[in-house]
Amino acid sequence: MGKVIWAALIGVALVIGGAYVVLTSQGSSADDRLQSGDSVSDTTQDSSNSESSNSPADQQSQETDKPGDSAASSDGGSSSEGTEKTDSNSDASAGSTDNGQAANGQSSGSIVTVSDPNDIGVLVNKTHRLPEGYAPDDLVYPDVAFIFDDKVDKRKMRREAADALKELFDAADKDGIELAGVSGYRSESRQKTLFDNYVKRDGEEAAVRYSARPGFSEHQTGLAMDVSGKDGKCAAEDCFAGTDEANWLADHAQEYGFIIRYPEDKESVTGYKYEAWHLRYVGVDLAELIHAGGLTLEEYSAQHETS
Ligand SMILES: [Zn+2]
């Protein structure tokens, strides 16, 4: 009798133990996937405070994060993006910039939907969002090196920006600086996938501090590209700042129509910490003005807002 009871007890213990192991391992694998996957970088991009997160993009969930994305993605890549996470101040500041900019689009609360998302100078940040479902219709693959081989969407930029990026990379090459693309275009649904994963992992309050909500990422405009040196070292990471490549970009990007979109010490204006790698195409004229004035796109937009 005693033996039977013991056997039963041991059987129960084994079942419970097994279930525990299964549960735990599921948990950790999910976590790993998130961490390695697309993290943040793009994240970087954009988050906005207000909007209820998911409105816009409840669409497809097809864009699962393929592992491949990760690395390079900058915005998603694992390694890379991990860092962007710390955009701490982002939220705080964003508010300050907005005032006045409502003229650029339809305002709803503190969030403005930009009226002309195809404008090369469009302002997209935590308070200025793209129209729901917006996607540029002239995306192409820039003819430049990337830190990954796959021919995927994150290579893409709008045609004019892609052409300018090639000129920029060619000019750098002549100066002995070898650049590579890390992450460009990101669709709203892709951003939603990323953002939702961060929320699952860290909670919404934490996620909005380092990741953009869908519709609020500058990468969705097709005018942004994260850039690193050819070896991909420090891609979309803080350690890219101060490298020869970063210094060259800071000195010359504007000549080809690009600005360092999130400059050092401008967190309170842009909503994002310094990102030496995130280039935004705005056209040569605007880029030269912004560079010469030591401005951000927010400050320039506020100054030139009419009506
Ligand atoms: Zn970026």
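This report walks through a predicted model of a protein, from its overall make-up down to single residues.

## The overall picture

Let's start with the whole chain. The protein is built from twelve helices and nine strands. Of its 307 residues, 47% are buried. Contacts often join distant parts of the sequence: among contacts with a separation of 6 or more, 76% are between residues 24 or more positions apart.

## A four-stranded sheet

A good landmark to look for is an open sheet of four strands, paired in the antiparallel sense and ordered β6-β7-β9-β8. Strands β6 (179–183) and β8 (258–262) are at the edges; each has a single partner strand, so one side of each has no neighbour in the sheet. On average, neighbouring strands here are turned by 45° against each other, direction ignored. As general background, the strands of a sheet pair through backbone hydrogen bonds, and the pairing may be parallel or antiparallel.

The sheet also has a helix for company. Helix α9 (residues 244–252) lies across β6, β7 (224–229), β8 and β9, and α9 runs at about 140° to β7.

## Strand β8 and its partner

Is the edge strand β8 enclosed or open to its surroundings? Five of the five residues of β8 are buried, so the strand is largely enclosed by the rest of the structure. Its pairing with β9 (residues 275–281) is antiparallel and runs over four bridges. Two places let you follow this pairing by eye: Ile259 stands opposite Arg280 in β9, and Ile260 stands opposite Leu279 in β9. In a regular strand, side chains alternate between the two faces of the sheet.

Ile259 deserves a second look. Setting aside neighbours within four places in sequence, the contacts of Ile259 are Ala253, Gln254, Arg280, Val282, Ala287, Ile290, His291 and Leu297.

## The nonpolar core and helix α6

Which residues have the most contacts inside the largest nonpolar core? They are Leu165, Leu168, Ala253, Phe258, Ile259 and Leu279, in a core that has 53 residues. Helix α6 (residues 159–174) gives the most to this core, with seven residues.

Helix α6 has 16 residues and reaches 23 Å from its first C-alpha to its last, close to the 22 Å expected at 1.5 Å a residue. The buried residues of α6 are Ala161, Ala162, Ala164, Leu165, Leu168, Phe169 and Ala172. Seen down the helix axis, these buried residues fall within an arc of 165°, so they line one face of α6. After the helix comes Gly176, with a positive phi near 80°.

## Two residues with a positive phi

Most residues other than glycine have a negative phi. Against that background, two residues are worth finding in the model. Cys234 is not a glycine, yet its phi is positive, at about 60°. It sits in the loop between β7 and α9. Cys234 counts as buried because 21 other C-beta atoms lie within 10 Å.

Asp265 is not a glycine either, and its phi is positive at about 65°. This residue is in the loop between β8 and α10 (267–270). Why is Asp265 classed as exposed? Asp265 is exposed because it has 8 other C-beta atoms within 10 Å, and a residue with 12 or fewer is called exposed.

## Three buried residues to visit

Phe146 lies in the loop between β4 (139–140) and β5 (157–158). With 23 other C-beta atoms within 10 Å, Phe146 is buried. Phe146 and Gly229 are 83 residues apart in sequence, while their C-alpha atoms are 9.4 Å apart in space.

Leu194 belongs to helix α7 (residues 188–202). Leu194 is buried, with 32 C-beta neighbours inside 10 Å. Along the chain Leu194 is 20 residues from Pro214, and 8.8 Å separates their C-alpha atoms. Finally, His128 is part of strand β3 (residues 128–129). His128 is buried too, with 27 C-beta neighbours inside 10 Å. From His128 to Val114 the distance is 14 residues in sequence and 6.2 Å in space, C-alpha to C-alpha.

Technical notes. Residues are numbered from 1 along each chain as its sequence is written. This is a predicted model: local features need pLDDT of at least 70, side-chain atom pairs count only at pLDDT 80 or more; totals for chains, interfaces and linings use all residues. A residue is buried if 20 or more other C-beta atoms lie within 10 Å of its own, exposed if 12 or fewer, and partly exposed in between; C-beta atoms are placed from the backbone. Two residues are in contact if their C-beta atoms, placed from the backbone, lie within 7 Å. Two strands pair if DSSP finds at least two bridges between them. Axes are lines fitted to C-alpha atoms, for helices over the stretch in contact, and angles run from 0 to 180 degrees between N-to-C directions. A nonpolar core is a set of buried Ala, Val, Leu, Ile, Met, Phe, Trp, Tyr and Cys residues joined through C-beta atoms within 7 Å. The expected span of a helix is 1.5 Å times one less than its number of residues. The arc is that of the directions from the helix axis to the C-beta atoms.
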